[in-house]
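Biologist: Can you pull up the model and walk me through it? I'll ask as we go.

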Amino acid sequence: MKRFEGKVAIVTGGGGGIGSAICRRLADEGAHVVVTDMDAAAAKEVAEGIRASGGTAEPLAADISSGAACAALVAATLERHGRIDVLANNAGINRRGDLLSLTEEDWRTSFAVNLDAMFHLCRAVLPHMVEAGGGAIVNTASQWGLYPAPNHIAYNTTKAAVAAFTQNLARDYAPNNVRVNAVCPGEIHTPMLEAGVKRAGKTIADLDRLVPLGRIGKPDEVAALVAFLASDEAPFICGSLVEITGAQAVA
């Protein structure tokens, strides 16, 4: 399928496990993808991989915790391509700990990356989507933003805020044909997850046994959901928080 032929998409956190899968999926379906990540080398690697597979992509390193950097990212994309059809707000960090073990920096940085970046990017992108007659924004929330896991208060709170932000934005801009939705993944097999599992002295097989479907999720499966929500095949889905968990409850 080429559901995004001729369209331009920005994907934040594009160098990571889920982000790189989203970039590849959108490019495979015809989008020109702006791969955005704080890690310039990771963004470059993903973009080069897409081009080697016949797609079109460009890396654009940015620290999206900065409002000025978000505005510059959007301005550069519009200057080069004249349009932004899809914004996938995927970047996120996970500072673990309960309230008394977190630092104030942990708390502030979690909000800056997980929530404030969406605020700045959407403020920059929305005027152009409204003028163009529509667009799609897909935010990466989390199952833990809906059903909190223990000892992750900063992450859970920011992801709950992402869910609320998504629904509010959808209600306000649906009349402009801008559809805003969020994916809420459970445990997904990414390098970040592997590091956390190793730190806890567990294995991926231990996590697999907790999922009714028999395994944790794959980045490509989240990417497929993001692509569907951003596509014209989901014209009446707006303001939804779509869980992708394999029926796993939060432990």
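Modeller: We can go through a few residues, a helix and a pocket.

Biologist: What should I know about the model first?

Modeller: This is a predicted model, where local features need pLDDT of at least 70, side-chain atom pairs count only at pLDDT 80 or more, and totals for chains, interfaces and linings use all residues. Residues are numbered from 1 along each chain as its sequence is written, and side-chain values use heavy atoms, with hydrogens and water left out.

Biologist: OK, Ser-110. Where is its place?

Modeller: Ser-110 sits in helix H4, residues 104-132. Helices (H or I, at least four residues) and strands (E, at least two) are DSSP runs, numbered from the N terminus.

Biologist: Is Ser-110 buried or exposed?

Modeller: Ser-110 is buried, because its relative accessible area is 0%. Buried means under 20% relative accessible area, exposed over 50%, and partly exposed in between, with a 1.4 Å probe and protein chains only.

Biologist: What lies 2.7 Å from a polar atom of its side chain?

Modeller: The backbone oxygen of Asp-106.

Biologist: And which residues does Ser-110 touch, beyond four places in sequence?

Modeller: Ile-93, Arg-95, Leu-115, Ala-154 and Thr-158. Contact means heavy atoms within 4.5 Å.

Biologist: Switching to the loop after E4. Where is Asn-90 found?

Modeller: Asn-90 is in the loop between E4 and H4. Asn-90 is buried, at a relative accessible area of 10%.

Biologist: Which side chain does Asn-90 join in a polar contact?

Modeller: That of Thr-140, at 3.1 Å. A polar contact is a pair of N or O atoms within 3.5 Å; within protein, one must be able to donate a hydrogen and the other to accept it, and residues adjacent in sequence count only if both atoms are side-chain atoms. Leaving out neighbours within four places in sequence, the contacts of Asn-90 include Thr-12, Gly-13 and Ile-18.

Biologist: What about Arg-96, buried or exposed?

Modeller: Partly exposed, since its relative accessibility is 37%. Arg-96 is in the loop between strand E4 (86-89) and H4. Setting aside neighbours within four places in sequence, Arg-96 contacts several residues, among them Met-192, Gly-196 and Arg-199.

Biologist: Gly-196 is in H7, right? Which residues of H7 are buried?

Modeller: Helix H7 covers residues 191-199, and its buried residues are Leu-193, Gly-196 and Val-197. Seen down the axis of H7, these fall within an arc of 100 degrees, so they line one face of the helix. The arc is that of the directions from the helix axis to the C-beta atoms.

Biologist: Which residues are exposed on the other side of H7?

Modeller: Pro-191, Lys-198 and Arg-199. Helix H8 (204-208) is part of what covers the buried residues of H7.

Biologist: What follows H7?

Modeller: Gly-201, with a positive phi near 75 degrees.

Biologist: Which other residues did you flag for phi?

Modeller: Asn-177 has a positive phi of about 65 degrees although it is not a glycine. Ala-247, also a residue other than glycine, has a positive phi near 70 degrees.

Biologist: Why flag those?

Modeller: Because most residues other than glycine have a negative phi.

Biologist: Where do the two residues sit?

Modeller: Asn-177 is in the loop between helix H6 (153-173) and strand E6 (178-185). Asn-177 is partly exposed, at 46% relative accessibility. Ala-247 is in the segment after strand E7 (241-244). Ala-247 counts as exposed, at 62%.

Biologist: And Asn-176, what does it touch?

Modeller: Val-130, Gly-133 and Gly-134, not counting residues up to four places away in sequence. Asn-176 is in the loop between H6 and E6, and is partly exposed at 28% relative accessible area.

Biologist: Pockets now. How much space lies in the second largest one?

Modeller: About 160 Å³. Of the 13 residues that line that pocket, Lys-7, Gly-135, Ala-136, Ala-230 and Asp-232 are the closest to its centre. On a 1 Å grid over the protein atoms alone, a pocket is an open set of points where a 1.4 Å probe fits, with protein on both sides within 12 Å along at least five of seven lines; lining residues have an atom within 4 Å of a point. Grid points are joined across faces, edges and corners, and the volume is the space filled by probe spheres set on the points.

Biologist: How does the lining divide?

Modeller: Into 4 nonpolar, 4 polar and 5 charged residues. Asp, Glu, Lys and Arg count as charged; Ala, Val, Leu, Ile, Met, Phe, Trp, Tyr, Cys and Pro as nonpolar; the others, Gly among them, as polar.
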